[in-house]
Amino acid sequence: MSVLTWTEAATLGGVRLSERLRRIQASHHAMWNYVTYRDAIALIGLDPAEIYPEGSTRLDPVEWADLGWLTCFCGPPASAIDAMRAAVTAESLNQYTPDLIEPLRAAAAGAFGRVRDGGFEVVGTEGTQAAVALALMATVDPGDEVIVSDPGYFHIPSAVLVAGGVPVAVPIGPSSGFRLDPDEVARAVTSRTRAICLVDPLNPYGTVQTRDELTAFAELADRHSLLLIHDVTHAPIALEPDAGFASLPALELTDRAVAAMSVSHCYGMAGARIGFLGGPPGFVRGCLQLKAALTRLNTNLISQQGALAALTDDSYLAGAEATIRANLEHLGRTLDAIPGMRLVVRPRRGLACAVDVSGTGASAQELMVALFARRVAVYPGDGLGDTGAESTIRINLSRPDPWAMEHLRSVLGDAVDEAASGRWREPVVSLLDRKGTDRAARLARQIGERR
């Protein structure tokens with residue numbers, strides 16, 4: 001049992017916590033402050049040591065349909081595993097490493113759609129989250145504002161807070177095509193705005209910003225001297241033939257844009273901790289200086305060799321795309337049989353989708369617990385933002401084994417009925433009240449009003 005995640009932890013005596021940490025702890029986006037798997041485990045009364053033996057964080061795929069964690073279960077590519085095995089040598093382990101070996105730096109630039117030159121360079125980070133965090137730390141001073149989407153990738157507001165900034169959420173909905181609207185963003189810009197974070201394709205919807213929208217964002221950045229951070233982590237997997245895509249650095253619409261991605265999600269290599277930040281050489285070099293000041297250490301050579309193999313393995317992506325498309329169609333037929341459930345919007349890229357459960361009579365959090373009791377794990381919307389917090393669940397579509405989607409289909413109806421009956425209402429409301437954040441309190445009231 002891990003003291004970090006499963007028990008109440010002792011405080012550090014009378015030592016004063018930093019404002020940075022206190023702001024994170026008060027944020028619903030902070031780790032463990034939104035409704036998580038561990039909460040479902042506690043509410044149901046399961047044994048965490050049995051579910052996560054030896055401190056593992058992975059649900060056994062033989063017994064669990066884990067449709068929540070966002071890593072591609074089609075991966076890692078076999079070529080990446082072979083490359084990493086070959087790289088397990090004394091020479092790879094007994095030295096401090098470069099942030100990226102040159103072949104991987106070039107491959108990452110290619111993944112961003114841009115050649116390395118005097119206006120563009122790539123540095124290595126520990127996943128996309130580190131790339132975004134470093135870009136924010138290089139730009140944001142205490143009190144500065146950063147515009148983010150709501151919903152969106154739930155670690156970005158936390159990264160803004162750690163940098164000392166204030167996340168300013170712009171809601172996304174049907175009126176904007178479930179994309180970030182440049183006009184709405186423009187209205188949110190103030191004299192304190194320093195950056196705009198674009199998650200594109202958007203987590204959790206899988207929608208893609210249009211070329212006109214990206215042009216408008218570039219013009220907005222130039223007009224107000226803002227940094228554009230283009231998180232393109234889910235871009236490699238295309239679910240529709242016409243779902244074209246280009247990163248902002250590739251479009252060369254502005255000199256104020258950087259792009260971030262990793263091999264964690266689309267390539268199924270979350271454990272490798274390899275990500276990339278691409279942009280103007282002077283800026284990304286500064287981010288690398290921040291990284292060196294914080295940790296001094298770079299990503300390991302074994303993981304780098306695996307990432308290089310993955311980025312150059314086109315056959316892997318084609319197979320993953322076929323699996324995700326098939327699971328999306330399977331899910332659509334499943335939802336057709338369940339009154340009150342539907343896709344929020346059809347995803348165009350990436351490995352996940354969002355399902356609207358508002359018509360079932362149950363909240364997303366209650367349904368999440370009911371599904372978990374049936375060994376199906378999904379993420380409810382409160383971790384992703386205020387928009388859809390109570391009405392949305394996110395589903396990972398990348399399981400290559402037919403059993404996972406079939407199991408979801410076989411238990412979904414019963415789980416909806418149980419959740420709608422109110423079986424989990426009081427436990428979920430009490431759980432949210434204990435979270436101690438403003439959003440959790442609002443969500444608890446909304447769910448409690450269903451009585």
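**Entry 1: terms and overall build**

I count helices (H or I, at least four residues) and strands (E, at least two) as DSSP runs, numbered from the N terminus. I am looking at a predicted model, and on those terms I find 18 helices and 13 strands in the chain.

I looked up the overall size next. The C-alpha atoms fill a box of roughly 60 × 55 × 50 Å along the principal axes. A compact globule of 451 residues would have a radius of gyration near 22 Å, and the chain agrees with that at 21 Å. I also see that 56% of the 451 residues count as buried. Of the contacts between residues at least 6 apart in sequence, 75% join residues at least 24 apart.

**Entry 2: surface and charge**

I noted an exposed area of about 18800 Å² for the chain, with carbon and sulfur atoms supplying 53% of it. I then turned to the charges: there are 41 positive and 52 negative ones, and their mean positions lie 3 Å apart.

**Entry 3: two cis prolines**

I went along the backbone and stopped at Pro76, which sits in the loop between strand 1 and helix 4 (78–87). The peptide bond leading from Gly75 into Pro76 is cis, its omega being near 0°. I found another cis bond from Asp200 to Pro201, again with omega near 0°. Pro201 belongs to the loop that runs between strand 5 (193–199) and helix 10 (211–224).

**Entry 4: positive phi without glycine**

Which loop holds Glu54? I traced Glu54 to the loop between helix 3 and strand 1. Its phi is near 60°, a positive value in a residue other than glycine. Glu54 counts as exposed because its relative accessibility is 87%, over the 50% cut-off.

I saw a positive phi at Ser225 too, about 55°, although Ser225 is not a glycine. Ser225 is in the loop between helix 10 and strand 6 (227–231). With 48% relative accessibility, Ser225 counts as partly exposed.

**Entry 5: Trp64**

Is Trp64 buried or exposed? I find Trp64 buried, at a relative accessible area of 2%. Trp64 lies in the loop between helix 3 (48–51) and strand 1 (65–66). Leaving out residues up to four places away in sequence, I listed what Trp64 touches: Leu46, Ile51, Leu59, Phe372, Arg375, Val376, Arg399 and Trp403. I also checked Trp64 against Val166, 102 residues apart along the chain, and their C-alpha atoms are separated by 38 Å.

**Entry 6: helix 7**

I wanted to know how helix 7 (residues 127–137) is placed. Nine of its eleven residues are buried, so helix 7 is largely enclosed by the rest of the structure. The buried residues I noted in helix 7 are Gly127, Thr128, Ala130, Ala131, Val132, Ala133, Leu134, Ala135 and Leu136.

**Entry 7: cysteines**

How many disulfides does the structure hold? I found zero. A disulfide is a covalent bond between the sulfur atoms of two cysteines. Why does Cys266 form no such bond with Cys72? The sulfur of Cys72 is the closest cysteine sulfur to that of Cys266, yet at 7.0 Å it is too far for a bond. I counted Cys266 as buried because its relative accessibility is 0%.

Cys287 is in no disulfide either, the nearest cysteine sulfur being that of Cys197, 12 Å away. I noted Cys287 as buried as well, at 1% relative accessibility.

Technical notes. Residues are numbered from 1 along each chain as its sequence is written. This is a predicted model: local features need pLDDT of at least 70, side-chain atom pairs count only at pLDDT 80 or more; totals for chains, interfaces and linings use all residues. Side-chain values use heavy atoms; hydrogens and water are left out. A disulfide is a pair of cysteine sulfur atoms within 2.5 Å. Buried means under 20% relative accessible area, exposed over 50%, partly exposed in between (1.4 Å probe, protein chains only). Contact means heavy atoms within 4.5 Å. The radius of gyration is taken over C-alpha atoms; the globule rule is 2.2 Å times the number of residues to the power 0.38. Accessible areas come from the Shrake-Rupley method with a 1.4 Å probe; for residues, only the protein chains shown count as cover. Lys and Arg count as positive and Asp and Glu as negative; His and the chain ends are not counted. The place of a charge is taken as NZ of Lys, CZ of Arg, CG of Asp or CD of Glu.
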